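Trainee: Let's walk through this entry together. I want the reasoning behind each label, not just the label.

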Amino acid sequence: MPVNDPVVAEQTPAADHTIDQCWDRYSEEEHGVWNTLYDRQMKVLKGRAAPEHFKGLELLNLNDGGIPDFRKVNEKLYALTGWQVVTVHGLIPNDVFFNHLANRRFVSGRFIRDADKLDYLPEPDIFHDVFGHVPLLTLPAFADYMQAYGQGGEKAMKVDMIENLTRLYWYTVEFGLINTPEGRRIYGAGIVSSQSESRFCLEGRSPNRIHFDLERIMRTDYRYDDFQQTYFVIDSYEELMESTANVDFGPIYERLKGLPDYKASEVLPSDKVYHEGTQEYAKAGGLE
Ligand code: PHE
Ligand code: FE
């Protein structure tokens, strides 16, 4: 739990782990951090983020001045796709997370990073959660994908395959790229909310860029605390939906149980490769 947010610390969460956002209690400084990050990201995301991301930011009016008030965001979001944003303490158990998604509730932290540490994030803050994730929830195909993922999580828990399913989330929801007529773009929230990775993932020589492949992704390790070594690219949100929600993962999980994992940097003969990375960034030691 973030120690720097007393409004979080003083609350006892409900059974579903939610707390109140207490929007009226954000300080001017906290609102200022949102504005700074928002402006900074809009500059770097121009020509890099997927058009649906910008559209979502606009539809939800996430640039209203300061940290968004979930009461206002939810009015708009619910009308569009039936989704809502709820506040939680911090990291929550998998089953609680899946249950929220399956019921079209996206969980967000309340706290925002410190003004003097804009690039340092020990755990996801409200800027990552809201600026990064929530805009795409205005898009019906993606909204459906997220709900299906939540339902899939409940199923994966029963057969002890959470790690494999988490990789799918990681390489799509957090770090996904998409081909558009204007070029390759970012839709993953982990990238969209990061100034440096926004450039690295698209223009960097270091990482691989490979076409989306469900089973391959479910076998691939990822970097938890540094830039990814591989990014997976979809052609459309419909492709993502069709190759996941419309597929029964049961037999895939069975198959995967006997198979070894791939390293985060690996390129396979079966991959449709857009760019084979030099991995020079990771080889030099990554973030230090
Ligand atoms: N179809 C998957 C299953 O059978 C569930 C799922 C849907 C997982 C969408 C991820 C994304 O388990
Ligand atoms: Fe996230």
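Mentor: Start with a term. A helix here is a DSSP run of H or I with at least four residues, numbered from the N terminus. Just after one such run, α5, R104 takes a positive phi of about 60°. Keep in mind that the model is predicted.

Trainee: Which residues of helix α5 are buried?

Mentor: In α5, residues 94-102, they are V96, F97, F98, H100, L101 and A102. Their cover includes β1 (18-19), β2 (84-88), β3 (105-108), α7 (140-158) and α8 (162-174).

Trainee: How do you know that the span of helix α2 agrees with what is expected?

Mentor: Take 1.5 Å times one less than the number of residues. For the 18 residues of α2 (28-45), that should give 26 Å. The end C-alpha atoms are 25 Å apart, so the two values agree. Just after α2, G47 has a positive phi of about 75°.

Trainee: What covers the buried residues of α2?

Mentor: The cover includes α3 (51-59), α6 (126-133), β5 (183-186), α9 (189-192) and α10 (195-203). Among the buried residues of α2 are W34, Y38, R40 and Q41.

Trainee: What makes S193 count as buried or exposed?

Mentor: The cut-off for buried is under 20% relative accessible area. S193 has 9%, so S193 is buried. S193 sits in the loop between α9 and α10. Leaving aside residues up to four places away in sequence, S193 touches Q41, R113, F127 and H128. Q41 is also one of the buried residues of α2.

Trainee: Why is the pair S193 and H128 called a polar contact?

Mentor: The limit for a pair of N or O atoms is 3.5 Å. The side chains of S193 and H128 come to 2.9 Å, so the distance test is met.

Trainee: What makes H128 a donor to the iron ion?

Mentor: A donor must be an N, O or S atom within 2.8 Å of this metal. NE2 of H128, NE2 of H133 and OE of E174 coordinate the iron ion (ligand 2) at 2.0 to 2.1 Å. These distances pass, so the three residues count as donors. Along the chain, the donors follow the spacing H-x4-H-x40-E. H128 and H133 are both buried. Water is not among the atoms, so the site may look incomplete.

Trainee: Which polar distances tie ligand 1 to the protein?

Mentor: A polar side-chain atom of K155 is 2.6 Å from an oxygen atom of ligand 1. A backbone N or O atom of V247 is 2.6 Å from a nitrogen atom of ligand 1. A polar backbone atom of F249 is 2.9 Å from an oxygen atom of ligand 1. Alone, ligand 1 has 330 Å² of accessible area, and the protein covers 93% of that. The residues around ligand 1 also include Y145, Y149, L165 and D248.

Trainee: Why are Y224 and E182 called exposed?

Mentor: Exposed requires over 50%. Y224 is at 59%, so Y224 qualifies. E182 is at 58%, so E182 qualifies too. Y224 is in the loop between α11 (214-218) and β7 (230-234). E182 is in the loop between β4 (177-180) and β5.

Trainee: How far is Y224 from R48 in space?

Mentor: C-alpha to C-alpha, 23 Å, with their positions 176 residues apart in sequence. E182 and F212 are 19 Å apart by C-alpha atoms and 30 residues apart in sequence.

Notes. Residues numbered from 1 in each chain as written. Chains lettered and ligands numbered in written order. Predicted model: local features only at pLDDT ≥ 70, side-chain atom pairs only at ≥ 80, totals over all residues. Heavy atoms only, no water. Donors = N, O, S within 2.8 Å, 3.2 Å for Na, K, Ca; no water. Buried < 20%, exposed > 50% of the residue type's maximum accessible area, 1.4 Å probe, protein only. Helix = DSSP H or I, 4+ residues; strand = E, 2+ residues; numbered from the N terminus. Contact = heavy atoms within 4.5 Å. Near = heavy atom within 4 Å. Polar contact = N/O pair within 3.5 Å; in protein donor to acceptor, adjacent residues only side chain to side chain. Areas by Shrake-Rupley, 256 points an atom, 1.4 Å probe, with all protein chains shown as cover.
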